[in-house]
Every structure is written in structure tokens, then in C-alpha cells.
Amino acid sequence: MVIEFLKGHGTQNDFVVLPDPDARLDLTASRVAALCDRQRGLGADGVLRVVRKEALDLPAAADSAGEWFMDYRNADGSIAEMCGNGTRVFARYLVEAGLVSGREFVIGTRAGDRPVVVHPDLTVTVQMGPAAITGASVAIVDGHNFSGVAVNVGNPHLVSIVDDDIDELDLTRAPRYDSDFFPDGVNLEFVNPLGEQRLKMRVYERGVGETRACGTGTVAAVAAALHLAGTDTGKSAVDIPGGRVEVTVERGASTLTGPAEFVARGQLDPQWWERAG
Ligand SMILES: N[C@@H](CCC[C@H](N)C(=O)O)C(=O)O
């Protein structure tokens, strides 16, 4: 079987895209981890499998109003509910592959439907759904405690607004967190406010490690900053190591706008795929 792939990224949060309309691929956790490995595979933060919703036996897919479902996997092979940067890349892929008519459509995800608009400049706006404040907890980096706001954007986040420059944080090792509060793990964001409607953020992603951007994380960061300022509505640019995105948050809804890029496309070596299984 010929297995096509594309390599792309959204603000340098990078993905292997696997078109698999009829869900024929046996995408094991071991194959995902091998694909994402930067030495023995293609290298990526995650995999975006492009599947027709009818081909999947998943409640979230069955309930989707869209034709296409984003089956997202983290680099360690784990499944996550949602990926904001991945949704932009996925949307651009659907348009360029001629799999949707028009530039406004709905993508199914495990966190529910995400309506998207692919703009003429090929940036993409994703309606990210509610950014729900779920409490407060603490992240521990190098023995230092960082209080944070817990935010659910379909997937779990803990956002710490930090006084010192976040560039000084050592995120080469996994920060600790309260696993009773976050039994399924959590994405950890560290944020410096840069003035009116502008944040700087670094992230340690669940199932990946430090990445150069996290779309759901940027929405969580803006929601947390607004919450701490006593409001639930506003907008902000968020600078991450991989670039900049624009986020709006209001009660029960949020949007993420940013770029989506493709780098390469090709075919996987069938023997490599078999061995990786
Ligand atoms: N990079 C993504 C988030 C991917 C999922 C995350 N690691 C999790 O496990 O929840 C984004 O752009 O949102």
C-alpha cells in the first residue's frame, strides 16, 4: 500500500499529515512515535490523520457536522482531544487537496466541531469553542513553584503568568504538576504580559515536550490573563518561539488565527512502516 504524507507546521508546531480518507492505516502509537522521531523518522510534534468521518467508529466523528475528521496524535503516540495549530494546517490541506468546496467549513475533532476559514493569504482562523476556567493549580519548574490558572480548551492547560523573563526557564526537563488535579496530564504554559493585548508564551506540551507553539495553549493563555484581570472577553496577540498568533476570547467562544505552512510531501517507505508497527 502506498502511504502518502505531507510535512507542515503552524508557527513551527510541526506535523506529519497522513491522508487516510477511508481509515485504512493501522496507525499504532508505535508508528506515530516513529514518524515523529527526529532521528529515526520524519520528525514532528504530532500526526494529523485526515479521515472521512464516516470511516471512523468514534462518537465525536458521528456527531460532527463536517465531512472530515482530524485524528490528532502527540509525538509520544498518545491521543489528544484537540490541536489548534494542527487544525490550521489540516484546514489548508483540505482546501489545497480539493477535498472541500469553498474556504469555510467544519473540521471534526475529539473535542467537537471546529469551524474554520482559510483566508486568501493562507492564514487560517479556527473557532476554538469555549476556553473554560476550571480552577487553580501549580506547576513546578526546577524546584520553583508557579501558580497557574487551569483552562480547558477541549484539552487541559495550566497557565502561569510569570514575573521573571520566561526565556530564563529551563524546560528541557518535564515540569511537575498535580496529577490529582490533572489525572489525564496537562499542557503547561508560561506567560509574560508584554503590554496591552500582547503576551509572550512558552509551552511544555503533554505528550511532546517543549514545542515552539501550541494553539490551544495560546487561547488558554489569553483566557487566563483575562480571568486574572477580572474579565472573560478580550483579544491578544501571542508571541511564541515559532511566531505570532492572534486570539480572541469571549464567553463560551474563542478564535485562533495564524499561519499554516507546508514543507514537503512524499511517500513513506513500506518496509519502514512495517518495522515501525
Ligand atoms: N500543539 C497543539 C496541542 C496538541 C495536544 C496537546 N499536546 C495535548 O496533549 O493536549 C495545539 O496547537 O493546540
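Guide: Before we start, a residue counts as near the ligand if its C-beta atom, placed from the backbone, lies within 6 Å of it, and please keep in mind that this is a predicted model.

Visitor: OK, so which residues come nearest to the ligand?

Guide: There are 18 residues around the ligand, and those that come nearest are Ala80, Asn85, Asn155, Gly215 and Thr216.

Visitor: And which elements give two or more residues to that shell?

Guide: Those elements are helix H3, which covers 84-96, and helix H4, which covers 215-228; H3 gives the most, with three residues.

Visitor: How do the shell residues divide into nonpolar, polar and charged?

Guide: Twelve of the residues in the shell around the ligand are polar, while four are nonpolar and two are charged.

Visitor: Which domains does the shell draw on?

Guide: The shell takes at least three residues from domain 1, made of 4-123 + 260-276, and at least three from domain 2, which spans 132-258.

Visitor: Switching to strands now: what does E16 pair with?

Guide: Strand E16, residues 243-250, pairs with E17 in the antiparallel sense over five bridges, and within this pairing threonine 248 stands opposite threonine 255 of E17.

Visitor: What lies between E16 and E17?

Guide: The two strands form a hairpin with two residues between them, and in the turn glycine 252 has a positive phi of about 80 degrees.

Visitor: How many bridges join E7 to E17?

Guide: Strand E7, residues 124-127, is joined to E17, residues 253-258, by four bridges, and these strands run antiparallel; valine 126 has leucine 256 in E17 as its bridge partner.

Terms used:
Residues numbered from 1 in each chain as written. Predicted model: local features only at pLDDT ≥ 70, side-chain atom pairs only at ≥ 80, totals over all residues. Pairing = 2+ DSSP bridges. Nonpolar A, V, L, I, M, F, W, Y, C, P; charged D, E, K, R; others polar. Domains from an automatic or database assignment.
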